[in-house]
2 protein chains.
Amino acid sequence: MSDKYASLRLKNQLCFPLYAVSNMITRKYKPLLDELDLTYTQYIVMMVLWEEKQVNEKFLCEALYLKSNTVTPLLKKLQAKGYIDKTKDKADERNIIITLTKKGADLKEKALCVPENIAKEFWLAPEEATELYRILYKMLNQGSSQNP
Amino acid sequence: MSDKYASLRLKNQLCFPLYAVSNMITRKYKPLLDELDLTYTQYIVMMVLWEEKQVNEKFLCEALYLKSNTVTPLLKKLQAKGYIDKTKDKADERNIIITLTKKGADLKEKALCVPENIAKEFWLAPEEATELYRILYKMLNQGSSQNP
DNA sequence: CATTAATAAATCGCACGCGATATAAAGTGA
DNA sequence: TCACTTTATATCGCGTGCGATTTATTAATG
């Protein structure tokens with residue numbers, strides 16, 4: 001009885017709900033982040049900067065699992081908004097050092113309500129959240145281990 | 001001691017790894033789907049059609065948790081590739097009926113190896129996969145319930 | 001020390017994914 | 001029946017994400 005094509009059914013996919021939830025996340029964040037004049041991707045860049053104070057682009061790319069061709073234009077926009085500064089590292093001029101402006105640092109306070117409000121959209125039991133977190137990072141670590 | 005800003009740390013986010021894994025999924029699928037001349041989004045549209053034979057755009061949007069402004073251009077491309085046909089429903093001309101061409105139906109056979117190969121990229125224990133699946137759909141159902 | 005290799009960013013072109021809006025067709029009610 | 005609303009699809013403009021490639025700078029090697 002078992003269908004030869006069962007693996008191609010949408011309902012049997014694990015990647016699809018991941019993809020769909022990710023899209024949904026972006027949608028749910030949008031109205032909250034509009035208040036900060038940030039997109040979701042810009043927001044996670046800011047999260048790194050609120051923690052690290054000073055990073056280069058390579059660090060950001062690795063922290064966010066993104067490529068330079070995504071991050072470069074992103075930083076240009078954040079700079080245009082006055083949230084970050086970019087300067088060349090004098091010790092190694094290939095490095096671009098990214099720092100927060102005062103305006104960017106101040107935004108952290110205003111951002112505090114974002115995680116609160118997002119938590120309301122997707123309520124999970126604490127054990128579910130923990131398990132989800134663990135599995136997702138397991139996938140991330142598996143998936144990012146290769147490539148020359 | 002507990003940091004006022006703890007909720008803004010990237011490591012304390014649940015949405016971020018979801019977003020990162022979703023990006024990673026698209027990356028992993030790409031070389032496999034290149035063989036079928038499909039993108040990931042086009043692939044999930046085809047998955048629906050391999051099951052349903054005949055749908056309208058609204059059905060596709062709901063099945064894939066996407067909006068018409070994403071799906072309309074997608075269908076145009078699948079049509080250009082010769083995988084689908086679009087005809088107006090004579091009973092209600094607002095409806096666009098989407099069907100597979102022979103070429104599109106035949107692609108199902110070739111697609112069989114895709115789920116196999118993807119499974120190699122992200123290996124999870126069966127219980128983990130089940131739990132992940134359950135939690136993701138819980139989130140999808142919560143998140144898509146509102147909006148006027 | 002000159003040539004080659006490696007590295008960090010940036011650029012290019014394409015395909016989403018979205019909110020907002022427009023268009024066209026059907027349904028609704030006074 | 002005729003304005004009004006609802007519904008299905010399409011259009012517009014913007015911001016990602018990506019593979020592939022380029023540019024600028026530093027490191028490595030003979």
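Let's start at Tyr29(A), which sits in helix 1 of chain A; helices here are DSSP runs of H or I with at least four residues, numbered from the N terminus. Leaving aside neighbours within four places in sequence, Tyr29(A) is in contact with Tyr40(A), Tyr43(A), Val114(A) and Ile118(A), and also with Gln13(B) and Cys15(B). Contact means heavy atoms within 4.5 Å. Tyr29(A) has 2% relative accessibility and therefore counts as buried, a word that stands for under 20% relative accessible area, with over 50% called exposed and the range in between partly exposed (1.4 Å probe, protein chains only). Leu18(A) is eleven residues away from Tyr29(A) in sequence, and their C-alpha atoms are 16 Å apart in space.

A word on the ground rules: this is a predicted model, in which local features need pLDDT of at least 70 and side-chain atom pairs count only at pLDDT 80 or more, while totals for chains, interfaces and linings use all residues. Residues are numbered from 1 along each chain as its sequence is written, chains are lettered from A and ligands numbered from 1 in the order in which they are written, and side-chain values use heavy atoms, with hydrogens and water left out.

Now for the core. The largest nonpolar core has 104 residues, and those with the most contacts inside it are Phe16, Tyr43 and Met46 of chain A and Phe16(B), Tyr43(B) and Met46(B). Such a core is a set of buried Ala, Val, Leu, Ile, Met, Phe, Trp, Tyr and Cys residues joined through side-chain atoms within 4.5 Å. Helix 1 of chain A gives this core its largest share, eleven residues. Beyond four places in sequence, Tyr43(B) touches residues including Leu8(A), Tyr29(B), Trp50(B) and Pro115(B).

Gln42(B) is found in helix 2 of chain B. Its 4% relative accessibility is why Gln42(B) counts as buried. Among the residues that Gln42(B) touches, not counting those up to four places away in sequence, are Asp37(B), Leu74(B) and Lys81(B).

How do the two chains relate? Chain B can be laid on chain A with an RMSD of 0.0 Å by a turn of 180° and a shift of 0.0 Å along the axis, superposing by least squares on the C-alpha atoms of residues with pLDDT of at least 70 in both. The two copies are thus related as by a two-fold rotation axis. Of the interface residues of chain B, 98% are also interface residues in chain A, so the copies meet through the same surface.

Finally, the DNA. Strand D is surrounded by 28 residues, the closest being Thr39(A), Asn69(A), Tyr19(B), Arg27(B) and Glu57(B); near means that a heavy atom of the residue lies within 4 Å. Of the strand D atoms within 4 Å of the protein, 71% belong to sugar or phosphate. A polar side-chain atom of Glu57(B) lies 2.4 Å from a phosphate oxygen of DNA strand D, and for the side chain of Thr41(A) the distance from an N or O atom to such an oxygen is 2.7 Å.

Around DNA strand C there are 27 residues, of which Tyr19(A), Arg27(A), Glu57(A), Thr39(B) and Asn69(B) come nearest. Sugar and phosphate make up 73% of the strand C atoms that come within 4 Å of the protein.

Methods
Polar contact = N/O pair within 3.5 Å; in protein donor to acceptor, adjacent residues only side chain to side chain. Helix = DSSP H or I, 4+ residues; strand = E, 2+ residues; numbered from the N terminus.
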